[in-house]
Amino acid sequence: MVDNKTLEVVAGLMIKIPSIEIVKTVCLNELHIDATEVDEAIKGARTLLTRAADYNRDEEFGKAITSLNDLYASNIKIKDYKTALATRREISLMLGLKRKPDENMTRGENTAIEIENEIRTYLEPLQLAPQGTPVVELVRILASKIINQ
């Protein structure tokens, strides 16, 4: 029976060493795990790694969104609209509000309304003009601000 401390060490090895055969060798020669327990140790370490990944997924997602929102706000504050726009795009991707372009879909398959709505989702949060301002005007204002930086 392999103890939890040893399982944590084996899990650390599995993160750092890409070859499971090398991990097994280290378990035998360096950690002095009995040959009959090496597979059990690796299985236990995999379970620890899986639990750690599942346990932190929502928390890490929340941290990522929070830090991106903070970055977005600080870029708006210093009037770095180009970076703010890129940050907003990343937030939209993470939240599933926008999907990455499908390699099988050509730009011509989107209607003008879909394209305008997509552009609007990025520009309206920048508060460049009142809600409902035409997209062409929003782009013009943003371009002007970027050029004048």
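Accessible areas here come from the Shrake-Rupley method with a 1.4 Å probe. With that in hand, let's look at this protein, which is a predicted model. Its accessible surface comes to about 10,600 Å², and carbon and sulfur atoms hold 56% of that. Here's a quick tour, from the whole fold down to single residues.

**The big picture**

- The protein has six helices and zero strands.
- Read from the N terminus, the elements go α-α-α-α-α-α.
- Of the 149 residues in the protein, 27% are buried.
- Take the contacts between residues at least 6 apart in sequence: 43% of them join residues at least 24 apart.

**Helix α2 and its buried side**

- Helix α2 covers residues 20–29, and Val23, Val26 and Cys27 are buried in it.
- Why do these three sit on the same side of α2? They cover an arc of only 100 degrees around the axis, so they share that side.
- There's a handy rule behind this: an α-helix has 3.6 residues a turn, so residues three or four places apart point the same way.

**Leu95 and a nonpolar patch**

- You'll find Leu95 in helix α4, which spans residues 81–95.
- Is Leu95 buried, exposed or something in between? Its relative accessible area is 43%, and because partly exposed means between 20% and 50%, Leu95 counts as partly exposed.
- Leu95 also helps make a nonpolar surface patch of about 310 Å², together with Phe61 and Leu97.
- Patches are made of residues with over 30% relative accessible area, so Leu95, at 43%, clears that cut-off.
- Which residues does Leu95 touch, leaving aside neighbours within four places in sequence? Those contacts are Phe61 and Ile65.
- Phe61 therefore turns up twice, as a member of the patch and as a contact of Leu95.
- Ile65 is 30 residues away from Leu95 in sequence, yet their C-alpha atoms are 8.4 Å apart in space.

**Glu124 in a loop**

- Now hop over to Glu124, which lies in the loop between α5 (112–123) and α6 (135–147).
- What does the side chain of Glu124 reach at 3.3 Å? The partner is the backbone nitrogen of Gly132.
- Not counting residues up to four places away in sequence, Glu124 touches Gln131, Gly132 and Leu138.
- Gly132 is thus on both lists for Glu124: a partner at 3.3 Å and one of the residues touched.

Notes: Residues numbered from 1 in each chain as written. Predicted model: local features only at pLDDT ≥ 70, side-chain atom pairs only at ≥ 80, totals over all residues. Heavy atoms only, no water. Patch = residues over 30% accessible without salt bridge, like charges linked within 9 Å, V, L, I, M, F, W, Y side chains within 5 Å. Salt bridge = Lys/Arg side-chain N within 4 Å of Asp/Glu carboxyl O. Helix = DSSP H or I, 4+ residues; strand = E, 2+ residues; numbered from the N terminus. Buried < 20%, exposed > 50% of the residue type's maximum accessible area, 1.4 Å probe, protein only. Arc of directions from axis to C-beta. Contact = heavy atoms within 4.5 Å. Polar contact = N/O pair within 3.5 Å; in protein donor to acceptor, adjacent residues only side chain to side chain.
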